[in-house]
Amino acid sequence: MPGYNELYALTQEIEANLHRAEAAAAAAAGAAVNRRIPGGAGAVTVTGRGTLVSVTIDPHGLSSANGRALGAQIAQTIREAEAQARAHVEQALQNASAAGQAARRGNA
C-alpha cells in the first residue's frame with residue numbers, strides 16, 4: 001500500500017500533467033488556421049477550435065470559377081481547415097502527454 005508521500009507525489013504529478021495539457025490545448029485552440037481556396041480564389045480562416053472566422057474572396061482568382069464550383073471549393077477548404085485545427089489541438093495534447101510521461105520516467 002502506497003504511503004502518504006507517494007500518494008502526494010502522484011497527486012502533484014497528475015496536477016502538473018493536467019496543467020500542461022490545459023496549457024497546450026489552450027495555446028492550440030487560440031491559434032488561427034488559414035487555408036487557401038484552390039485556384040487562388042481566396043482563403044478561409046478558422047480558430048484553433050475550428051470556428052470559422054473569415055472567408056476572403058480574391059476577385060482575381062475568380063476568372064474560371066462558376067458559383068457552384070466556387071461554393072464547393074470554399075466548403076471543402078473550410079472542412080480541411082477545421083480538420084487541421086482539430087489535428088493541431090490533438091497533437092498539442094499528445095505532446096503534452098508525452099512530456100508528462102518523460103518527466104515521470106525522469107523521476108522514477
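Let's start with tyrosine 8, which is partly exposed, its relative accessible area being 45%. Before going further, keep in mind that this is a predicted model. Tyrosine 8 has a partner in tyrosine 4: both sit in helix 1, which covers residues 4-30, and they are 4 residues apart, or about one turn of the helix. Tyrosine 4 counts as exposed because its relative accessibility is 65%, and the cut-off for that label is over 50%.

What do the two rings do with each other? To describe a pair of aromatic rings, you want the distance of the centres and the angle of the planes. The count of aromatic pairs in the model comes to 1. That pair is tyrosine 4 with tyrosine 8, and it is stacked, with 6.3 Å centre to centre and 20° between the planes. The label is stacked because planes under 30 degrees apart are classed that way.

Further along helix 1 we come to asparagine 17. It is partly exposed, at a relative accessible area of 26%. If you want a feel for the spacing here, take glutamine 84: it is 67 residues from asparagine 17 along the chain, and their C-alpha atoms are separated by 24 Å.

Now over to the strands, and to a charged pair. Side chains of opposite charge can pair when their charged atoms come close. How many salt bridges does the model have? The count comes to 1. This one runs between glutamate 80 and arginine 35, whose closest N and O atoms are 2.8 Å apart. It ties together distant parts of the chain, since arginine 35 belongs to strand 1 (residues 33-37) and glutamate 80 to helix 2, with their positions 45 residues apart. Are the two partners tucked away or open? Both land in the middle class: glutamate 80 is partly exposed at a relative accessible area of 30%, and arginine 35 is partly exposed at 28%.

Arginine 35 also turns up around threonine 77, a residue of helix 2, which spans residues 67-107. Setting aside residues up to four places away in sequence, threonine 77 touches Arg35, Arg36, Ile37, Pro38 and Val44. Threonine 77 is buried, with a relative accessible area of 0%; it gets that label because the cut-off is under 20%. And where does its side chain reach? To the backbone oxygen of glutamine 73, at 2.7 Å.

Stay in helix 2 for a moment and look at alanine 96. This one is buried too, at a relative accessible area of 9%. Which residues does alanine 96 meet, leaving aside neighbours within four places in sequence? They are Arg20, Ala21 and Ala24. As for serine 54, it is 42 residues from alanine 96 in sequence and 30 Å from it in space, C-alpha to C-alpha.

Serine 54 brings us back to the strands, by way of threonine 45 in strand 2 (residues 42-46). Threonine 45 counts as buried, with 16% relative accessibility. Its side chain and that of asparagine 34 are joined by a polar contact of 2.6 Å. Not counting residues up to four places away in sequence, the residues touched by threonine 45 include Ala32, Val33 and Asn34, and also Thr51, Leu52, Val53 and Ser54.

Leu52 in that list has a second role. Together with Val55 and Ile57, Leu52 makes a nonpolar surface patch of about 210 Å². Isoleucine 57 is found in strand 3, residues 52-57. Why can isoleucine 57 belong to a patch? Its relative accessible area is 36%, making it partly exposed, and patch members are required to have over 30%.

One last stop: where is histidine 60? It lies in the loop between strand 3 and helix 2. At 72% relative accessibility, histidine 60 counts as exposed. Alanine 41 is 19 residues away from histidine 60 in sequence, and the distance in space is 7.3 Å, C-alpha to C-alpha.

Methods: Residues numbered from 1 in each chain as written. Predicted model: local features only at pLDDT ≥ 70, side-chain atom pairs only at ≥ 80, totals over all residues. Heavy atoms only, no water. Patch = residues over 30% accessible without salt bridge, like charges linked within 9 Å, V, L, I, M, F, W, Y side chains within 5 Å. Areas by Shrake-Rupley, 256 points an atom, 1.4 Å probe, with all protein chains shown as cover. Salt bridge = Lys/Arg side-chain N within 4 Å of Asp/Glu carboxyl O. Helix = DSSP H or I, 4+ residues; strand = E, 2+ residues; numbered from the N terminus. Buried < 20%, exposed > 50% of the residue type's maximum accessible area, 1.4 Å probe, protein only. Phe/Tyr/Trp six-rings, centres within 6.5 Å; stacked < 30°, edge-to-face > 60°. Polar contact = N/O pair within 3.5 Å; in protein donor to acceptor, adjacent residues only side chain to side chain. Contact = heavy atoms within 4.5 Å.
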